[in-house]
Amino acid sequence: MPRYHLSLSPVDRGGYAATLMDTRLGWPIEFGRCTKQRIDGRAAIYGDSTGAIPNWSLTVRPTDDPAMFSATATDSQHFRILFPECELEHEGGRGVLSGWAEEAELIEDSERKAL
């Protein structure tokens, strides 16, 4: 089973909430206030972490396949977790975006400066 699980669901008036769970350590990173935005001219859902683990950002974008999305979670200093294939699932009558990733990538010094 992959180590990281991401779930994103609508909460109110165009807002979203997401949880990134490290299934090995049991650490949730909460993104309680995600919103639709345009980033680099493309539609996206964006949010900063709001829970006990600060300094993470989440960006979710549609892919060329209309049924799939990709997501990137990045802390401000060291790590990036890519979720290349997130799918819309239905739980309790509502849509929940769900994706899995095996590992976090170390952000190189040159990339860190660009963030």
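These exercises trace strand pairing and a charged patch in a predicted model.

Residues are numbered from 1 along each chain as its sequence is written. Local features need pLDDT of at least 70, side-chain atom pairs count only at pLDDT 80 or more, totals for chains, interfaces and linings use all residues, and side-chain values use heavy atoms, with hydrogens and water left out.

**Exercise 1.** Find the strand that S1 joins through five bridges.

Solution.
- Strands are DSSP runs of E, at least two residues, numbered from the N terminus.
- Two strands pair if DSSP finds at least two bridges between them.
- S1 covers residues 4-12, and its five bridges lead to S8, residues 94-101.
- The two run antiparallel.
- Check the contacts: Leu 8 stands opposite Leu 97, and Ser 7 has Ser 98 as its bridge partner.

**Exercise 2.** Describe the hairpin of S1 and S2.

Solution.
- S2 spans residues 15-22 and pairs with S1 in the antiparallel sense over eight bridges.
- Tyr 4 faces Asp 22 across this pair.
- Two residues separate the strands.
- In the turn, Arg 13 has a positive phi of about 30°.

**Exercise 3.** Do the same for S7 and S8.

Solution.
- S7, residues 79-91, pairs with S8 in the antiparallel sense over five bridges.
- His 90 has Gly 95 as its bridge partner.
- Two residues lie between the strands, and Gly 92 takes a positive phi near 60°.

**Exercise 4.** Place Glu 87 in its strand and state its exposure.

Solution.
- Glu 87 lies in S7.
- Its relative accessible area is 43%.
- Partly exposed means between buried, under 20%, and exposed, over 50% (1.4 Å probe, protein chains only).
- So Glu 87 is partly exposed.

Notes
Helices (H or I, at least four residues) and strands (E, at least two) are DSSP runs, numbered from the N terminus.
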